[in-house]
Each structure stands twice: as structure tokens, then as C-alpha cells.
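Please examine the following model with attention to its charged side chains and its surface. The discussion proceeds from one pairing to the next.

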Amino acid sequence: MERGWKPVLVIAGWQTAASLCYYSIFAATSFVREDFDLSRTLVGVFLTAALLGYTLNLFPSGAAVDGFGERRMMVASLLALAGGAVAVSLAPNYLLLLGAAVLLGGAYATAMPASNKGIVASAPRGRENLAMGVKQVGVTAGSGAASLVVTGVAAVLAWRLGFWVIAVVAGGYVAVFWFAYSGTGGTGRWELPDLSKLTGDRAYLLLVAAGLFVGATIFSMLGYVILYVEDVVGAGAAAGGVVLALTQAAGSAGRVGAGSLADRLGSADSAATVSLVQLGGAVALFGALGAGVTSLPIAAAVFGGLGLTVLGMTGVYYSCLGELVPSEDLGAATAGGQTAINLGGLLAPPAFGYLADTAGYRVGWAAMAVLSACGVVLLWGVRREIAGYS
């Protein structure tokens, strides 16, 4: 496969369609809470169910990507995501809703191992960080579009119909992707990865540990933006959907900007440095929410800032990870990093919901500031380790 921007953009389009499906559940939190009469904690459990399916399938799907190539797995994954979105819309009770969320998350597990492998193989030389950031824009673009589709369709019809619209879009992109992307090969066999080489790399282990705190803050923030706008700011779900879309749009800008900056710095630790600065900014912004924000414009500005920082750092996070491991181990390495991010997402949203129920949102946001600070310390360690290599 030749290097260039065309395959990068095709992969970014696939990532957008995949994220449109998966992140639709974050846009539906207000409607799910109302339809199923849930507490904030149980809303968090719903989000955790999707992350559980996502996490359990990461290493198996990463092994499949390394074994059979990313093209086949990305086609199968997008079809399964469309089916999962439909399953969520059809769930008649809370238990079946949780089961549908698990299936949706499991279908999304292929996304990071497959798309990262494709970007590493196709990105123009010297522009790898920017290419990864462009691809990661697909996550925020898909999520932002999902928030507008779900809340927009709900305003005129019913929120469940929004999931059908999303499924149709995802299914349509399967045909586009199949003809536009050739992909890379694999080993021809499925086998779980040998992690012994990765566990001996101190910088990789520190980066994976930082991912735990990144995931905790990202998934908690995304899961409760709309509810916070409703419960504290006093605006409706539609306004919350706009704030969530704004946050994702800022995240897209942050990913492209961070990747371009890391390429311009050009040093071995540039990706780690940029991600460190971004997560440090998130500490201050979560602290501002902890101090109390009740104005819609100010809340939108703060969440937009979090989009630029904590959401905007995932592109350089994966670029840093790709620089630490050989390309033949990238599927397994990505699965390890994404597993850590997901574990943070598994634990934090229900805990945040519990804090919001019992102590108030301000305490929950303050806890996110503390978790972000822990991630900053670990990224500082990554930067020192990489600097020591060179």
C-alpha cells in the first residue's frame, strides 16, 4: 500500500462512521434516563456496559487485525456496529439495554488496533503525528455528529429513530471503504499476542498507566455533559447536545493541532510533551467545573476547553505509543493502551454518577481534576524515559 493522504482520509472516514455508532449512547443519556427511570449512577452503568464489551474484545480483535489485516476487520466491525446501534434502539427494558450496549462496545473494539495500524502503514513520512491526529478527528467528529443526530431526531420524532439513521449511514460507508482502501496484510493466523516484549518497556508501561487516568476523565466527561447542562445549568437536552457537539468539535481541532505541533517539534519526546501539556490544561478546567459553573456560555467554553485538551490529546497519545513499539507489535500494543483507557472508563462514570447523586457535581468534577493530575505525573515519567533513550 502506498503512503499518502488518500488512505489516511479514507481511514478517518471509517473512524468517523464507527464512532458515530459507538458514541451515540453518550448522546442518549438524557433520554435513556427518562425512558427507563434511571438514577445518574445507573446511567453510568449503562455506559460502563458498552465499555465492558469494548474492553473484553480488545485483545482478540487486536490479534485478528495482526493476523488477517485491518481491511477485513474494519469492514466486519462497521457492519456489527450498525447492528449494535439498532439493537440499542430496540431494547424494551434496562437489562436488554445493557446487553445491547455490551454488543455495541464489542463491535467497536476493532477500531483502534485496526485504524492505528492503517495509519502507521500509510501516513506520509515525517507527518505521522498529524496523520494520527487527522484519523483521531474521526472519533470526535463521529461523536459530535451522533449528539446532533440523536438529540435532533428526538426533538421532532423519537430518540430511538436516531439510532436507525446512524446505522444506515454506517452501513453505507462499508461499501465506500471496501472499494477505496486496500489495506495491509497479516500473518495469516489468529493468535493472542506475546506481551513479554511490551512489559519490559518502562516508557510503554508508564504510558499505559497514564491511559487509565485519561480514560477515566474522558468517559466521565462525555457521559455527563448533557446531564450536567440539564441538572445544573438548567438548559434542556437539546442545549446539552449542542455543548457535547461543541466539545467534540474542539477535540477535533485539538487532535489536528497537537499532531501538527508534535511533528514540528520533531524531537523523540515531542508527542509525549504535547500530551503532557494538554492533560495539564485539563486539570485546571476540571478544577473550574469543581468550583461551580452555572452559566450556559461559560459551561460551553469550559467543555470546549476540555475538548482541546483531554479529548485533543488522544492522537499524540497513540503516536507516542506507536513510536515506542515495532510495527509488527502495534496491534497488541494499541490493545494494551486502549484497555487501560477503557478500564478507567469502566470504573469512573458510575463513580462520578454516585458522587453527583450523593455529594453533587462539583465534587465529581474535582475528582476528575485529581485524576488528571495523576495522569500528568505519569506522562512526565514517559517523557523522561523517552529522553533517556535518545
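Is Glu385 buried, partly exposed or exposed? In this predicted model, Glu385 is partly exposed, its relative accessible area being 22%. The cut-off for burial is under 20%, so Glu385 does not count as buried. Its salt-bridge partner is Arg202, with 2.8 Å between the closest N and O atoms. This pair connects distant parts of the chain, as Glu385 belongs to helix H18 (residues 361–389) and Arg202 to helix H12, 183 residues apart. Arg202 itself is exposed, at 53% relative accessible area.

Searching the whole structure yields five salt bridges. Another of them joins the side chains of Arg33 and Glu230, at 3.5 Å from N to O. Here helix H3 (residues 29–36), which holds Arg33, is linked to helix H12 (residues 202–233), which holds Glu230; the two residues are 197 positions apart. Arg33 counts as buried at 19% relative accessibility, whereas Glu230 counts as partly exposed at 24%. Through shared salt-bridge partners, Arg33, Glu230 and Asp231 form one network.

Helix H3 also contributes Asp35. Asp35 pairs with Arg160 in a salt bridge, the closest N and O atoms lying 3.7 Å apart. Because Arg160 lies in helix H10 (residues 159–180), this contact ties together parts separated by 125 residues in sequence. Both partners are partly exposed: Asp35 at 43% relative accessibility and Arg160 at 24%.

The surface also carries a nonpolar patch formed by Leu90, Val156, Leu157, Leu161 and Trp164, which together have about 550 Å² of accessible area. Val156 is found in helix H9 (residues 128–156) and is exposed, with a relative accessible area of 65%.

Methods: Residues are numbered from 1 along each chain as its sequence is written. This is a predicted model: local features need pLDDT of at least 70, side-chain atom pairs count only at pLDDT 80 or more; totals for chains, interfaces and linings use all residues. Side-chain values use heavy atoms; hydrogens and water are left out. Patches are made of residues with over 30% relative accessible area and no salt bridge: like charges are joined within 9 Å, nonpolar side chains (Val, Leu, Ile, Met, Phe, Trp, Tyr) within 5 Å. Accessible areas come from the Shrake-Rupley method with a 1.4 Å probe; for residues, only the protein chains shown count as cover. A salt bridge is a side-chain nitrogen of Lys or Arg within 4 Å of a carboxyl oxygen of Asp or Glu. Helices (H or I, at least four residues) and strands (E, at least two) are DSSP runs, numbered from the N terminus. Buried means under 20% relative accessible area, exposed over 50%, partly exposed in between (1.4 Å probe, protein chains only).
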